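Open the model in your viewer and keep the selection box ready. We will go stop by stop.

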Amino acid sequence: MSHDPTPEMMGKTETLVEALPYLQRYAGSIFVVKYGGHAMGNAGLARDFAEDIVLLKAVGILPVVVHGGGPQIGAMLDRLGIESQFIDGLRVTCEDTARIAEMVLAGSINKELVAWIAAAGGRAAGISGKDAGLIRARKITRTTRDPGSAIEQVVDLGFVGEPETVDRTIIDTLLAAGIIPVIAPVGTGSDGHTYNINADTMAGAIAGALGAARLFLLTDVAGVLDKDKALLTDLTLGDIATLTADGTITGGMIPKLETCVTAIEAGVDAAVILDGRIPHALLLEIFTRRGAGTLVRKG
Ligand SMILES: Nc1ncnc2c1ncn2[C@@H]1O[C@H](COP(=O)(O)OP(=O)(O)O)[C@@H](O)[C@H]1O
Ligand SMILES: CC(=O)N[C@@H](CCC(=O)OP(=O)(O)O)C(=O)O
């Protein structure tokens with residue numbers, strides 16, 4: 001019998017050795033990973049994602065998961081005959097919609113992710129921004145302007161909030177106990193109401209408050225695309241301002257890139273937007289030289 005390694009074995013060992021500097025660099029670092037509703041497409045993707053998170057934990061990284069669930073909220077609202085309107089990627093949220101969003105996010109998706117992580121051999125605790133005062137939400141509004149008009153109109157989005165304060169105690173407590181926090185993007189306002197928070201915005205605020213080494217936003221596109229649909233692999237904060245102003249970035253990509261800017265300004269080293277439809281996209285991004293998606297740095 002030959003003891004020569006097969007090409008397949010060589011490939012595997014090369015991949016493991018390639019990971020060594022990244023394993024050494026990131027041990028003990030906090031990584032905030034936002035798992036978007038579009039990237040949860042099927043059970044296989046959710047299982048792969050959970051395995052990636054458990055693997056990060058096993059090699060000494062401290063993963064903190066923030067999840068979305070926009071399409072799943074949309075499907076539930078459709079079933080109930082409630083219409084949804086989006087402004088700049090944010091769902092206009094009346095009281096009923098806020099209740100349903102919380103039910104889908106914190107009641108359903110959150111616990112499913114915890115179960116997937118358990119199935120992959122990890123220990124996770126599902127919480128929302130309401131737990132232990134994690135997120136105090138502040139109501140936000142948007143302004144719109146008709147084409148050709150100079151007059152701006154303030155649009156009330158209802159119970160849509162952004163994190164005003166982040167109390168990291170519950171996250172630190174879970175991390176210290178070796179538990180992976182899985183966080184649903186809702187919070188309580190100072191008026192006691194439930195606020196629906198865009199999951200990207202939530203992840204960015206948490207990454208900033210934790211001083212995370214990396215923020216990953218998993219979505220359903222290869223990354224940020226230019227006007228010719230080519231992938232932009234590296235962006236600075238200045239590039240983002242230009243791409244927003246010239247209309248290259250629209251819809252759900254707006255809160256995503258706003259999040260990257262806020263998180264980096266708050267001290268996060270870098271943010272990555274990557275394609276959650278690729279199996280094990282996170283591992284490829286973190287532990288290989290190739291990387292994937294769009295890397296956002298200060299400049
Ligand atoms: N320049 C751009 N590059 C890539 N995607 C873009 C761009 N502008 C707008 N988008 C849209 O942003 C979407 C991602 O945001 P969103 O639908 O909110 O994802 P998620 O549910 O993962 O948070 C893409 O599917 C795409 O339709
Ligand atoms: C205010 C607002 O828009 N909230 C989002 C919260 C979920 C989310 O952000 O999910 P994705 O990351 O899957 O898009 C919503 O209601 O859809």
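Two strands pair if DSSP finds at least two bridges between them. Keep that in mind at each sheet stop. Note also that this is a predicted model.

**Stop 1: a strand pair**

Select residues 270-275, strand β13, and residues 294-297, strand β14. Three bridges join β13 and β14, and the pairing is antiparallel. Now pick out I273. Across from I273, in β14, stands T294. Strands of a sheet pair through backbone hydrogen bonds, either parallel or antiparallel.

**Stop 2: the whole sheet**

Zoom out to the open sheet of eight strands. Walk across it in this order: β5-β8-β2-β1-β11-β13-β14-β12. The pairing is mixed. Which strands stand at the edges? Select β5 (124-128) and β12 (234-236). Each has a single partner strand, so one side of each has no neighbour in the sheet. Look along the sheet for its twist: from one strand to the next, the average is 20°.

**Stop 3: a helix across the sheet**

Select residues 199-210, helix α6. Then add β1 (30-35), β2 (62-67), β8 (180-184) and β11 (214-219). Helix α6 lies across these four strands. Its direction makes an angle of about 175° with β1.

**Stop 4: a hairpin**

Select strand β6, residues 135-145, and strand β7, residues 152-166. They run antiparallel, joined by ten bridges. Find R145, then look opposite: E152 of β7 is there. How many residues lie between the two strands of the hairpin? Six residues separate β6 from β7. Click G148 in that turn: its phi is positive, about 85°.

Stay on β6 and add strand β9, residues 186-189. β6 and β9 pair in the parallel sense, over two bridges. Here A137 stands opposite G189 of β9.

**Stop 5: ligand 1**

Select ligand 1 and the 20 residues around it. Which of them come nearest? They are G36, T219, L225, G252 and M253. Colour the shell by class: six residues are nonpolar, eleven polar and three charged.

**Stop 6: ligand 2**

Move to ligand 2, with 16 residues around it. The nearest are G37, G68, G70, R91 and A199. Show α3 (70-79) and β4 (90-91) as well: each supplies at least two residues of this shell. By class, the shell around ligand 2 holds six nonpolar, nine polar and one charged.

Methods: Residues are numbered from 1 along each chain as its sequence is written. Chains are lettered from A and ligands numbered from 1 in the order in which they are written. This is a predicted model: local features need pLDDT of at least 70, side-chain atom pairs count only at pLDDT 80 or more; totals for chains, interfaces and linings use all residues. A residue is near a molecule or strand if its C-beta atom, placed from the backbone, lies within 6 Å of it. Ala, Val, Leu, Ile, Met, Phe, Trp, Tyr, Cys and Pro count as nonpolar, Asp, Glu, Lys and Arg as charged, and the others, Gly among them, as polar. Axes are lines fitted to C-alpha atoms, for helices over the stretch in contact, and angles run from 0 to 180 degrees between N-to-C directions. Two residues are in contact if their C-beta atoms, placed from the backbone, lie within 7 Å.
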